[in-house]
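Work through these exercises with the model open beside you. Try each task before reading its solution.

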Amino acid sequence: MRDPYEVLGVQRSASAAAIKSAYRKLAKKHHPDNNTGDPKAAARFAEINSANEIIGDEDKRKQFDRGEIDADGKPRFQGFPGGGAGARSGPGGFEYSFRGGPGGAAGGSFEDILNSMFGSRGGARGGRSNPFEFDTGGVGLDLDLSVAMTVSLEESVRGGEKRVRLPTGRELNVKIPAGVASGQQIRLKGQGETAAGHPPGDLLITVSIAPHPFFKVDGIDLRVDLPVTLYEAVLGGKVRVPTLGSAVELSIPRNTSSGRTFRLKGKGLPKAGAIGDLYVTTRIILPNGNDAELEALMQKWRDGHPYNPRSEFG
């Protein structure tokens, strides 16, 4: 496996919290459930988990940094026993014995040996400075969590409460404010991830509104297709119309054509102190199956009352 620091995209000097944050972001991004069309997602996800098992564990991370285990967590060759006086543990876990160092000092530190091999510049520690620079700067932590939540049209209008599952596996009840719109975000302070020495992040919930089985949203207005029978369209009558509240009755005039639209004022969506309307469009629906009696009636009616509703087409 590749170097676990490289896999998680963190510096070797990264804090445990930074490693944890990087792992969670990558695991969420490359989880196979979120990448069903990518055949390589499972392999990337496994590599991310393996890297976290090494440097996400304090003891294993120390062993890896000392060269005692490799990127797969397997023990490395630790060198030959002994090593004599002044032996030092060097890269890869091997024992190194150095005699005579810079300035004639025996048993110098490993840092001194590296400086003697690659040169040194004037500075502290007796005129020598370490030419190897390590980035000890802090890694910025993004402890915010982002999730998506789908609500029904009724829930978006009236508000309510909905249970949401976080990427961490935790679940909590979220209060939906009345009048929330699709694309809006709900921010819950302090409900994000946590890390020692840092204030907790926030939970950002992006709301989407599920398609309604029969209402269509048009700004603050609603539209609905209303099925009516042939005899209701011809003879007129009262029919029940659904609204976001309780159903209401609509009077259909005689000889109502399919496609005629009626407006029910104040039955739309409330927004910024205004309330939209509900537009009801009639759709004449014939009975299922063949009806010989209806066909005979229409033939008689056609012969006695011919008309052409498409005369405008020429």
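**Exercise 1. Two helices**

In which crossing does α2 pass α3, left-handed or right-handed? Find also how the two helices run relative to each other.

Solution. This is a predicted model.

Step 1. Locate the helices: α2 spans residues 16-30 and α3 spans residues 41-55.

Step 2. Take the axes. They come within 9 Å and cross at roughly 165 degrees.

Step 3. Apply the cut-off. Angles over 145 degrees count as roughly antiparallel. α2 and α3 are therefore roughly antiparallel to each other.

Step 4. Judge the handedness. α2 passes α3 in a left-handed crossing.

**Exercise 2. The helix contact**

Which residues of α2 and α3 meet, and how do they divide into nonpolar, polar and charged?

Solution.

Step 1. From α2, list Ile19, Tyr23, Leu26, Ala27 and His30.

Step 2. From α3, list Ala41, Arg44, Phe45, Ile48, Asn49, Asn52 and Ile55.

Step 3. Sort them. The contact holds eight nonpolar residues, three polar and one charged.

**Exercise 3. The sheet**

In what order do the three strands of the open sheet stand, and which strands are at the edges?

Solution.

Step 1. Read the order: β3-β7-β6, with mixed pairing.

Step 2. Find the edges. β3 (145-151) and β6 (185-188) each have a single partner strand, so one side of each is left without a neighbour in the sheet.

Step 3. Add the twist. It averages 25 degrees from one strand to the next.

Step 4. Look at one pair. β6 and β7 (residues 203-209) are antiparallel, joined over four bridges. Leu188 has Leu203 in β7 as its bridge partner.

Definitions and conventions
Residues are numbered from 1 along each chain as its sequence is written. This is a predicted model: local features need pLDDT of at least 70, side-chain atom pairs count only at pLDDT 80 or more; totals for chains, interfaces and linings use all residues. Side-chain values use heavy atoms; hydrogens and water are left out. Two strands pair if DSSP finds at least two bridges between them. Axes are lines fitted to C-alpha atoms, for helices over the stretch in contact, and angles run from 0 to 180 degrees between N-to-C directions. Angles under 35 degrees count as roughly parallel, over 145 as roughly antiparallel, 65 to 115 as roughly perpendicular and the rest as oblique. A crossing is left-handed if the near helix is turned anticlockwise from the far one by less than a right angle, and right-handed if clockwise. Contact means heavy atoms within 4.5 Å. Ala, Val, Leu, Ile, Met, Phe, Trp, Tyr, Cys and Pro count as nonpolar, Asp, Glu, Lys and Arg as charged, and the others, Gly among them, as polar.
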